[in-house]
Amino acid sequence: MSFDDAILRFTMPTLCGIKPSCLFSMKKSDDLLAEKKAKSVGKAFKTEGKKITAIVKEDGHALYFVYDEKALAELCVKKQSCIYLKKKGYPVERGQEFILAELFSRLKNRRDFPHEVGLFLGYPLSDVIQFEKYKGENFTYCGFWKVYGNADKAISLMQKYKDCSSFCKLRLEEGNTILETVSKYKKTYGGLNEKSNCLQHNNW
């Protein structure tokens, strides 16, 4: 999978403002220009409050974390989120910058994904906690993430992400740039951030 394919498949809901963040991985050899392309995307969306961080692992894979600064800032200051992250050893009292630095360090240095990554991706905290408690079993629905709480609400949100990706795919195939595509999505659907967002990772 090329970097361009991964951007379309995994990140459009975040870039369009309906998800707080997304995470995908690539072998560096799959797209030798991936790092350059990532910088280009980050530059294009800087004024939109979106950032992309590349986390290069020792095994030759690179993780790309694309996020909405405002959405993650709001998530990180929620009382229950702070309590949870503090228990996990995150420096919540130092603010978002240090919290994300800790997350990126764990993603870089651990072979497995830390369970709390789901919270940063926007999954409901209750689902993140139950996923860890039941080791990924006993869920009521499985889509972009494993659901233990309100399945109907989760399914509706997942469909919104799918519709967003489908809309963007068509616009990109018409020759629009990513930035133009995001602009057209927002004009069509509003592009307002949801208060209860979620993000996907294909390993969950």
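**Exercise 1. The loop between α7 and β4**

Find K135 in this predicted model and work out where K135 sits and what its backbone does.

*Solution.* Start with the place: K135 belongs to the loop that joins α7 (125-133) to β4. Next, check phi. K135 isn't a glycine, yet its phi is positive, at about 55 degrees. Now look at the surface: K135 has a relative accessibility of 72%, so it counts as exposed. Then move along to N138, which is in the loop between α7 and β4 too. N138 is another residue other than glycine with a positive phi, near 65 degrees. With 57% relative accessibility, N138 also counts as exposed.

**Exercise 2. Is helix α1 straight or kinked?**

Compare the span of α1 (residues 3-15) with that of a straight helix, then look for a kink.

*Solution.* First, the ruler: at 1.5 Å a residue, a straight helix of 13 residues would span 18 Å. The end C-alpha atoms of α1 span only 15 Å. Second, look along the helix: there's a kink of about 50 degrees at R9, shortly before the proline P13. Third, step off the end: just after α1, G17 takes a positive phi of about 90 degrees.

For contrast, try α8 (151-173). Its 23 residues should span 33 Å at 1.5 Å a residue, and its end C-alpha atoms are 33 Å apart, which agrees.

**Exercise 3. What packs against the two helices?**

List buried residues of α1 and α8, and say which elements cover them.

*Solution.* Take α1 first. Its buried residues include F3, A6, I7 and F10, and also T11 to L15. These buried residues pack against the strands β1 (21-27), β2 (50-56) and β3 (61-68), and against the helices α2 (34-44), α8 and α9 (178-189).

Now α8. Among its buried residues are A151, A154, L157, M158 and Y161. Cover for the buried residues of α8 comes from elements including α1, β4 (141-142), β5 (146-147) and α9. A bit of helix geometry helps when you read such lists: an α-helix has 3.6 residues a turn, so residues three or four places apart point the same way.

**Exercise 4. Sorting the aromatic pairs**

How many aromatic pairs does the whole structure hold, and how would you classify F65–Y67 and F167–Y189?

*Solution.* The search turns up 13 aromatic pairs. For F65 and Y67, the ring centres are 5.3 Å apart and the planes are at 35 degrees, so call this pair tilted. Both partners are buried, F65 at 0% relative accessibility and Y67 at 6%.

For F167 and Y189, the centres are 5.5 Å apart with the planes at 80 degrees, so this pair is edge-to-face. F167 is in helix α8 and Y189 in helix α9, so the pair ties together parts 22 residues apart in sequence. F167 is buried at 12% relative accessible area, while Y189 is exposed at 52%.

Two more checks round this off. F3, F10, F24 and Y64 make up one aromatic cluster. As for charges over rings, the charged end of R171 sits 4.7 Å from the centre of the F167 ring, and K19 lies over the face of F144, 5.7 Å from the ring centre.

**Exercise 5. Counting disulfides**

How many disulfides are there, and why isn't C16 bonded to C168?

*Solution.* The count is zero. Begin with C16, whose closest cysteine sulfur is that of C168, 3.7 Å away; that's too far for a bond, as the cut-off is 2.5 Å. C16 is buried at 0% relative accessible area, whereas C142 is partly exposed at 39%.

Terms used
Residues numbered from 1 in each chain as written. Predicted model: local features only at pLDDT ≥ 70, side-chain atom pairs only at ≥ 80, totals over all residues. Heavy atoms only, no water. Helix = DSSP H or I, 4+ residues; strand = E, 2+ residues; numbered from the N terminus. Expected span 1.5 Å × (residues − 1). Bend = angle between axes of the 7 residues up to and from the residue. Buried < 20%, exposed > 50% of the residue type's maximum accessible area, 1.4 Å probe, protein only. Contact = heavy atoms within 4.5 Å. Phe/Tyr/Trp six-rings, centres within 6.5 Å; stacked < 30°, edge-to-face > 60°. Lys NZ or Arg CZ within 6 Å of the ring centre and 35° of its normal.
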